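Student: I have a model open on my screen and would like to talk it through before I go back to the bench. Could you take my questions as they come?

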Amino acid sequence: MATPFCLPPKSTRLTLFFPSKPNFLPPINPIKNPNLHYHDRKISISRIPLPSLPSSFRNGSNTPPETECPVPLDQQPINEFQNLSNSFPFSWASGDFVEYCSRLAVTGASFALFIGLPVAWFGAVGADSDPLRRILAAVSSGIFVVTLAVVRMYLGWAYVGNRLLSATVEYEETGWYDGQIWVKTAEVLARDRLLGSFSVKPALSRLKYTLVTLAASLCVCAFLLINIEGSQKDLNILSNKGGGGRAVPGVYNDESARSFEPDAFCGEAELH
């Protein structure tokens with residue numbers, strides 16, 4: 001009698017045909033040290049030491065590290081340029097053009113209104129008869145003050161520009177009696193000339209055009225004042241001839257004197 005064939009359970013069959021292979025890979029452990037590992041060789045990255053800055057840079061000086069400049073800090077051209085750019089009123093020339101013109105206009109108008117006009121109006125005889133001449137005098141005083149301010153700014157910027165563009169620097173160690181001359185290095189000369197060409201020269205050009213405009217305005221005001229004064233004298237002469245004994249301020253006339261003081265001329269008829 002044949003023995004019946006019995007299949008093993010399903011789990012046993014899977015084990016027989018697909019035996020499990022052991023895992024020979026070692027477990028991955030987290031690296032506690034942040035240094036790099038490669039085939040049991042440790043690679044460490046060391047920091048590159050930075051070069052120490054010189055004392056001139058740590059103190060805020062503009063002197064390059066490779067240059068030993070003997071000029072004092074307050075006499076170096078680049079520091080003089082920075083001080084001039086931040087000072088009043090020299091900073092106007094290097095600022096915005098609209099702001100520059102508005103500041104000059106406010107300065108001239110304020111002087112003409114609060115100082116020039118009262119002096120011209122109350123400081124002369126016959127102000128009520130000739131107000132136009134007094135107003136022109138006040139306007140001329142305001143333009144003249146603005147011209148003085150622009151000339152002062154031009155002299156300051158021209159001085160700094162010459163020191164920046166020059167290849168040598170004249171300086172004083174302790175006083176006027178120990179003046180020295182330092183020849184700029186190539187790096188310092190290139191830096192100063194670049195700064196002078198692109199920062200100082202535009203300011204000088206603006207100030208030059210301003211001076212030309214102010215000079216033309218002063219000439220126009222002077223021309224108008226001379227014409228007004230000449231026309232006023234002509235009117236006085238014509239009125240004196242046509243009016244007979246009319247008194248003119250500042251002009252002596254015998255006929256007008258007889259009309260005011262007849263007793264002083266009582267003996268002239270007997271002499272004649």
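The chat below turns to confidence, then to ring pairs, and then to charged side chains.

Student: Before anything else, what is the mean pLDDT of the protein?

Tutor: This is a predicted model, and the mean pLDDT of the protein is 75, with 58% of the residues reaching 70 or more.

Student: And where is confidence lowest, and where is it highest?

Tutor: Helix α2, which covers residues 55-58, has the lowest confidence with a mean of 43, whereas helix α3, at residues 77-85, has the highest with 95. The pLDDT is below 50 over residues 11-18, a stretch that has 2 contacts in the model beyond its near neighbours in sequence. It is also below 50 over residues 36-61, and that stretch has 16 contacts when near neighbours in sequence are again set aside.

Student: Okay, switching to rings: how many aromatic pairs are there?

Tutor: The count comes to 2 aromatic pairs. One of them joins Phe-81 and Trp-157 in an edge-to-face arrangement, with 6.0 Å from centre to centre and 70 degrees between the planes. This pair links distant parts of the chain, since Phe-81 belongs to helix α3 and Trp-157 to helix α5 (residues 131-165), 76 residues apart.

Student: Is Phe-81 buried or exposed, and what about Trp-157?

Tutor: Phe-81 counts as buried because its relative accessibility is 12%, which is under the 20% cut-off. Trp-157 is buried as well, with a relative accessibility of 0%.

Student: Then why is the pair of Phe-88 and Trp-92 called edge-to-face?

Tutor: The planes of Phe-88 and Trp-92 stand at 80 degrees, with the ring centres 5.3 Å apart, so the pair is edge-to-face; the angle needed for that label is over 60 degrees. The two partners differ in exposure, because Phe-88 is exposed, with a relative accessible area of 64%, while Trp-92 is buried at 10% relative accessibility.

Student: Which residue lies over the face of Tyr-100?

Tutor: That is Arg-206, which lies over the ring face of Tyr-100 at 5.4 Å from the ring centre.

Student: Now charges. How many salt bridges does a search of the whole structure find?

Tutor: The search finds 4 salt bridges. One of them is between the side chains of Arg-163 and Glu-80, at 2.8 Å from N to O. Here too distant parts of the chain are linked, with Arg-163 in helix α5 and Glu-80 in helix α3, 83 residues apart.

Student: What else does Glu-80 touch, and are these two partners buried or exposed?

Tutor: Leaving out residues up to four places away in sequence, Glu-80 touches Asp-74, Gln-75, Tyr-159 and Val-160 as well as Arg-163. Both salt-bridge partners are buried, because the relative accessible area is 14% for Glu-80 and 11% for Arg-163, and the cut-off for buried is under 20%.

Student: Which residues are joined into one network by salt bridges that share partners?

Tutor: Asp-192 forms a salt bridge with Lys-184, where the closest N and O atoms are 3.0 Å apart, and the side chain of Asp-192 also meets that of Arg-191 in a salt bridge at 3.2 Å, N to O. Through these shared partners, Lys-184, Arg-191 and Asp-192 are joined into one network.

Student: And how exposed are the members of that network?

Tutor: Asp-192 is buried, with a relative accessible area of 1%, and Lys-184 is buried too, at 7%, whereas Arg-191 counts as partly exposed because its relative accessibility is 27%.

Technical notes
Residues numbered from 1 in each chain as written. Heavy atoms only, no water. pLDDT = per-residue confidence, 0-100. Helix = DSSP H or I, 4+ residues; strand = E, 2+ residues; numbered from the N terminus. Contact = heavy atoms within 4.5 Å. Buried < 20%, exposed > 50% of the residue type's maximum accessible area, 1.4 Å probe, protein only. Phe/Tyr/Trp six-rings, centres within 6.5 Å; stacked < 30°, edge-to-face > 60°. Lys NZ or Arg CZ within 6 Å of the ring centre and 35° of its normal.
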